[in-house]
Amino acid sequence: MTVVAPAVPVRKAGEQGAGIVDALDGLRGLAAIAVVTVHYRAMLGDWYFPSAFLAVDLFFIISGIVICLNYEDRLRGGMSTLRFMARRLARLAPLYLVALALGALVAVAGIVMGTGNWTGRTLAPVVLAGSLMLPNPFPAPRPDLFPLNPPCWSLFWELAMNLVYALALPWLGVRALPALIAGGALLLIIVAIQAGGMNFGYDRMWLQIPALRVLVGFSIGVLIARLAQQGRLPASPVPVAVLLAVPLVVLAAPSTLGWIKDVTLALIVFPLLCAAAMTARPAHRRLCRTLGLISYPLYITHAVLPFEKLINVVLHREAGELAPAIGVGALAIAIGFAWLLGVAFDKPVRALLRRV
């Protein structure tokens, strides 16, 4: 006879997701730190997580969980799609615009000092498109969808998926949602095999991959949240410390392992990890909530902080010459800046907008 551990009820919280499940906050904070190491790898040398681009798939799953727990009942109860999207923009746009302004200031500084590739003529339309949270259609020094802050590509796809979710919710029933996940996962595997992996989304190459990544990941998160609400997730026997170590271990896998590793993490490991985190009860809740607090500010701002340019201008050295010490310092500063933004800006602005 199979013995199933009793399900643990899921707590609800505000839209930011903090306090819904503390272990999920810990997971997304550590995943955000792993992402930073990839973008700081010139300063870190070999001290980075080669597969951290897959952290985005973990973010998509957690986003599906958070949105479902906070909004599914309200959407079914009559909340309009317009109001829902307004709430999502109110949640995501303030920090996004702060990061956009920082990226634009760094570009302007490069123009003034004659050390950058931007010009006033190329920068202005890119800032305009970015202020609307839209991918850049104008000429720019780099081909990213968001040249001033490349990681914003995932934010764009997440907002697009939020809209799809709100519009399609009446049809996402008990059978339709698993069928959607299965079909999307199959397509994702096929395209990942063709492309050689899933590290796409930041530019216009293989756009079907980020579309499928967010569709499948977000939908898996919604399914996990529904199962948790129904009490159908068994209590996790895995200590939270072990759960938190999983993303750091798997994201350290070599990127050369290709599509097999990518789809295995995105479609099997991360869903199981999030399902276990839903019923886990960490001993160090404050640490997990702090990681959750810094996760979005860190993810959205780290790429616009001009550490490498400052090293070159101030020290007249290349960042790689000072690795990994300079990279560890930059990472610590980025985390501290994210914490400051979270406490002094993000939380107060969120509270203000909730009253509007």
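This passage describes a helix pair, the cysteines, two buried residues and some unusual backbone geometry in a predicted model.

Two packed helices are described by the angle between their axes and the distance between the axes. Helix α3 covers residues 55-76, and helix α4 covers residues 81-113. Their axes come within 12 Å and cross at roughly 145 degrees. The crossing of α3 past α4 is right-handed. On the α3 side, the contact is made by S63, I67, Y71, R74 and L75. On the α4 side, F84, R87 and R88 take part. By residue class, the contact of α3 with α4 holds four nonpolar, one polar and three charged residues.

Helix α3 also contains E72. This residue is buried, because its relative accessibility is 6% and the cut-off for buried is under 20%. The side chain of E72 has a polar partner. A polar contact of 2.6 Å links it to the side chain of Y165. Neighbours within four places in sequence can be set aside. E72 then touches I67, Y165, L169, V222 and R226. Y165 thus appears both in the polar contact and in this list of contacts. I67 is also one of the α3 residues that meet α4.

A disulfide is a covalent bond between the sulfur atoms of two cysteines. The count of disulfides in this model is zero. C274 illustrates the point. The nearest cysteine sulfur to C274 belongs to C288, and it is 13 Å away. The cut-off for a disulfide is within 2.5 Å, so C274 is in no disulfide. C274 is buried, with a relative accessible area of 0%. C152 is buried as well, with a relative accessible area of 2%.

S236 sits in a loop. That loop runs between α8 (208-229) and α9 (240-250). The relative accessible area of S236 is 18%. Because buried means under 20%, S236 counts as buried. Beyond its neighbours within four places in sequence, S236 is in contact with L243, A276 and T279. One of these partners, L243, lies in the residue range of α9. W47 is a residue far from S236 in sequence, at 189 residues apart. In space, the C-alpha atoms of S236 and W47 are 31 Å apart.

The backbone has some unusual features. Most residues other than glycine have a negative phi, and most peptide bonds are trans. M133 has a positive phi, near 60 degrees, and is not a glycine. It is placed in the loop between α5 (120-131) and α6 (153-168). M133 is buried, with a relative accessible area of 12%.

H316 also has a positive phi, near 55 degrees, and is likewise a residue other than glycine. H316 is in the loop between α12 and α13. Its relative accessibility is 66%, so by the cut-off of over 50% H316 counts as exposed. M133, in contrast, is buried.

The loop between α12 (307-315) and α13 (325-355) also holds P324. The peptide bond from A323 to P324 is cis, with omega near 0 degrees. This loop therefore carries both the positive phi of H316 and the cis bond that leads into P324.

How values were computed
Residues numbered from 1 in each chain as written. Predicted model: local features only at pLDDT ≥ 70, side-chain atom pairs only at ≥ 80, totals over all residues. Heavy atoms only, no water. Axes fitted to C-alpha atoms, helices over the stretch in contact; angles between N-to-C directions. Helix = DSSP H or I, 4+ residues; strand = E, 2+ residues; numbered from the N terminus. Left-handed = near helix turned anticlockwise from the far one by under 90°. Contact = heavy atoms within 4.5 Å. Nonpolar A, V, L, I, M, F, W, Y, C, P; charged D, E, K, R; others polar. Buried < 20%, exposed > 50% of the residue type's maximum accessible area, 1.4 Å probe, protein only. Polar contact = N/O pair within 3.5 Å; in protein donor to acceptor, adjacent residues only side chain to side chain.
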